[in-house]
Amino acid sequence: QVIKCKAAVMWEANKPFSIEEVEVAPPKAHEVRIKIVATGICRSDDHVITGGMVMPFPIILGHEAAGVVESVGQGVTSIKPGDKVIPLFVPQCGECSSCLSTKGNLCSKNHIGSAAGFMPDGTCRFTCKGKAIHHFLGTSTFTEYTVVHEFAVAKIDSAAPLEKVCLIGCGFSTGYGAAVQTAKVEPGSTCVIFGLGGVGLSVVMGCKAAGASRIIAVDINSDKFAKAKELGATDCVNPTDFKKPIHEVLIEMTGDGVDYSFEVIGRTETMAAALACCQYNYGVSVIVGVPPAAQKITFDPMLLFTGRTWKGSVFGGWKSKDSVPKLVADYMKKKFVLDPLITHTLPFTKINEGFDLLRTGK
């Protein structure tokens, strides 16, 4: 049965979302149709609108959500209608080299870095005004109903509050995992986090949970410092308060540079600064923010020759299908909080206002 529902369609770049009636096709074999209950707004969605991340239009964005399974396609055995689920923008097929390795989590079936915009079979499940509407990262959550592949959805605790745990679909897991899973921050270490949005604050929480003794939060918006401190930051630094480059400021503050640095903005300048401010011999710098399309970094290779490690982290290094249910269970056991990451709760029709709040840093 085709479902008609509301969705926020992005017809072209740099324009507001248009709330439209869309038709959502039933799930094909190994697909799942989900009623979306709550979805978060992530900077990665905005990158598509501004062209920083190249995707085909028209498109239904959104990739951080939670919902309830409405129907399943042929051959789906692990999930049934009525199950509470989180869609996974990093799938877990269980068969590719990354899924089979203990060292990786970026399943080869992912859509990151490819401007595909289709389901795995090369077609769309959304239609609006007679036009096919593209999918985003295999999830497309800015709609009342969406269709995802079975390997891109995780069943979670039926008691979980969907309006909170939707953050485990991207922001929280990405930041927290970058600290505990990718960097493997140790007790007593010194960390710096560039960018204090929802993901950056989740890195702060991860560093604190891992026992870091000093957690330096860096942002050009000082309004974000109070919340960073509430979640575990020991120092807050605004680069605009200094004449000298921020990496020099951080090296002076720490004596020798930090053990771990995290870039959670998606800017090449801050990626280079994050690398430069970590300890020259054993410092580890992790890129968490989505790099802008068609931009390159030029850096002195001596920075790496002396022993630093530079690495990236997608979805916090978690194997999605395995880890998301466990993270939800940890949340239910109060092992971490999500409420401080939620600044506003808006009705779906006010999605454009939500993006305005994101862009103004609120």
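Which backbone nitrogen does the side chain of Ser 101 reach? The side chain of Ser 101 comes to 2.8 Å from the backbone nitrogen of Lys 103. This report describes a predicted model, and it proceeds from the loop that holds Ser 101 to the helices and then to the empty spaces.

## The loop between α2 and β6

Ser 101 belongs to the loop between α2 and β6. With 22% relative accessibility, Ser 101 counts as partly exposed, since the buried class ends at 20%. Leu 106 is also found in the loop between α2 and β6. Its relative accessible area is 30%, so Leu 106 is partly exposed. The contacts of Leu 106, leaving aside residues up to four places away in sequence, are Val 90, Ser 98, Ile 112 and Val 314. Between Leu 106 and Ala 38 there are 25 Å in space, C-alpha to C-alpha, and the two are 68 residues apart in sequence.

Arg 125 lies in the loop between α2 (97–100) and β6 (126–128). Arg 125 has a relative accessible area of 2% and is therefore buried. Two acidic side chains are involved in its polar contacts: that of Glu 31, at 2.7 Å, and that of Asp 121, at 3.1 Å. Leaving aside residues up to four places away in sequence, Arg 125 touches Glu 23, Val 24, Ala 25, Pro 26, Lys 28, Glu 31, Met 119, His 135 and Val 147.

## A buried serine after α4

Ser 189 is placed in the loop between α4 and β10 (190–194). Its relative accessibility is 4%, and Ser 189 therefore counts as buried. When residues up to four places away in sequence are not counted, Ser 189 touches Ala 212, Ser 213, Arg 214, Asp 259 and Tyr 260.

The table gathers the accessibility of the loop residues described above.

| Residue | Relative accessibility | Class |
|---|---|---|
| Ser 101 | 22% | partly exposed |
| Leu 106 | 30% | partly exposed |
| Arg 125 | 2% | buried |
| Ser 189 | 4% | buried |

## Helices α1 and α11

How many of the eight residues of helix α1 are buried? In α1, which runs over residues 43–50, six of the eight residues are buried, and the helix is mostly covered. The buried residues are Ser 44, Asp 45, Asp 46, His 47, Val 48 and Ile 49. Part of what covers them is α11 (351–359). Just after α1 comes Gly 51, with a positive phi of about 90°.

In α11, the buried residues are Ile 351, Gly 354 and Phe 355. These residues cover an arc of only 95° around the axis, so they lie on the same side of α11. The buried residues of α11 pack against β1 (3–9), β2 (18–24) and α1. After α11 follows Gly 361, whose phi is positive, near 75°.

## Helix α10

The buried residues of α10 are Ser 320, Ser 323, Val 324, Leu 327, Val 328 and Tyr 331. They occupy an arc of only 140° around the axis, which means that they are on the same side of α10. Packed against these buried residues are β5 (84–87), β9 (153–155), α3 (162–165) and α4 (171–183).

The length of α10 can be compared with an expected value. Helix α10 has 13 residues (residues 320–332), and at 1.5 Å a residue it should span 18 Å; the C-alpha atoms at its ends are 18 Å apart, so the two values agree. Just after α10, Lys 334 takes a positive phi of about 65°.

## Empty space in the structure

Rolling a probe the size of a water molecule over the atoms shows where empty space is left. The second largest pocket holds about 230 Å³ of space. Its lining consists of 13 residues, and those nearest its centre are Lys 103, Gly 104, Gln 181, Lys 184 and Gly 317. At least two residues of this lining come from each of α4 and β15 (309–312). Lys 103 thus appears in two places in this report: its backbone nitrogen is reached by the side chain of Ser 101, and Lys 103 is among the residues nearest the centre of the second largest pocket.

How many cavities of 30 Å³ or more does a search of the whole structure find? The search finds one. The largest cavity has a volume of about 80 Å³. It is lined by 15 residues, of which His 111, Leu 137, Gly 138, Phe 151 and Ala 152 are the closest to its centre.

Definitions and conventions: Residues numbered from 1 in each chain as written. Predicted model: local features only at pLDDT ≥ 70, side-chain atom pairs only at ≥ 80, totals over all residues. Heavy atoms only, no water. Helix = DSSP H or I, 4+ residues; strand = E, 2+ residues; numbered from the N terminus. Expected span 1.5 Å × (residues − 1). Buried < 20%, exposed > 50% of the residue type's maximum accessible area, 1.4 Å probe, protein only. Arc of directions from axis to C-beta. Contact = heavy atoms within 4.5 Å. Polar contact = N/O pair within 3.5 Å; in protein donor to acceptor, adjacent residues only side chain to side chain. 1 Å grid on protein atoms, 1.4 Å probe; cavity = no way out; pocket = protein on both sides within 12 Å on 5 of 7 lines; lining within 4 Å. Points joined across faces, edges and corners; volume = space filled by probe spheres on them.
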